[in-house]
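Student: Could you take me through one helix packing in this model, close up?

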Amino acid sequence: MIFDLPDGVTLRPLTESDAEPLLRAYVVNREHLAPWEPRRPPDFYTLVGQESRARDRVQLQREGRLSSWALQDEERIVGTITLSHIELGPFRSAHLGYWIDSGYTGRGLATAAANAVCRAADEQLGLHRIEAGTLLDNTASQRVLERCGFSRIGVAPRYLHIDGAWRDHVLFQRVLHDRPAI
């Protein structure tokens with residue numbers, strides 16, 4: 001599925017050929033993303049590193065364990081959003097993660113993208129529930145999730161290793177439907 005987002009930005013599936021535009025996006029946003037993400041190895045910021053990540057992502061997508069999209073403004077990637085740890089069966093759940101280019105924050109793009117991905121998770125993947133977590137002080141991301149119908153479900157101490165330390169996270173979930181698991 002491809003979605004039109006605010007300000008002429010398009011949400012489309014990430015492909016293996018996105019390694020170079022993703023590299024450019026990560027390099028431009030390196031400082032902006034540093035407080036919110038794991039510390040990256042040096043090869044993350046190389047074309048070889050991004051090509052390797054793209055191959056891994058494609059493999060996980062083939063296995064049905066990952067679904068990733070790019071937010072694209074003309075030829076430039078200005079963010080990504082991903083459903084990871086996709087589980088089917090009676091659980092039918094996934095984890096949502098996203099980031100937006102520093103020059104594109106505050107435009108409603110994260111909210112629009114998260115709503116679109118939740119729609120795809122329900123309609124395409126048949127998922128029941130999406131979980132997301134934010135650092136305790138990431139109030140902007142918490143507002144995005146709340147605007148998208150996510151509910152706070154608690155705080156997970158030392159949940160993820162972010163910016164060099166184990167950090168507490170506020171956990172959220174959005175129940176997409178209550179249809180029986182098939």
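Tutor: Here's a look at how one pair of helices meets. Quick housekeeping: this is a predicted model, where local features need pLDDT of at least 70, side-chain atom pairs count only at pLDDT 80 or more, and totals for chains, interfaces and linings use all residues. Residues are numbered from 1 along each chain as its sequence is written, and side-chain values use heavy atoms, with hydrogens and water left out.

The pair is helix α1 (residues 19-28) and helix α3 (residues 47-62), whose axes come within 9 Å and cross at roughly 120 degrees. Helices here are DSSP runs of H or I, at least four residues, numbered from the N terminus. Axes are lines fitted to C-alpha atoms over the stretch in contact, with angles from 0 to 180 degrees between N-to-C directions. That crossing makes α1 oblique to α3 (under 35 degrees is roughly parallel, over 145 roughly antiparallel, 65 to 115 roughly perpendicular, the rest oblique).

Who touches whom? From α1 come Ala19, Glu20, Leu22, Leu23 and Tyr26, and from α3 come Leu47, Gln50, Glu51, Arg53 and Arg57, with contact meaning heavy atoms within 4.5 Å.

Methods. Helix = DSSP H or I, 4+ residues; strand = E, 2+ residues; numbered from the N terminus.
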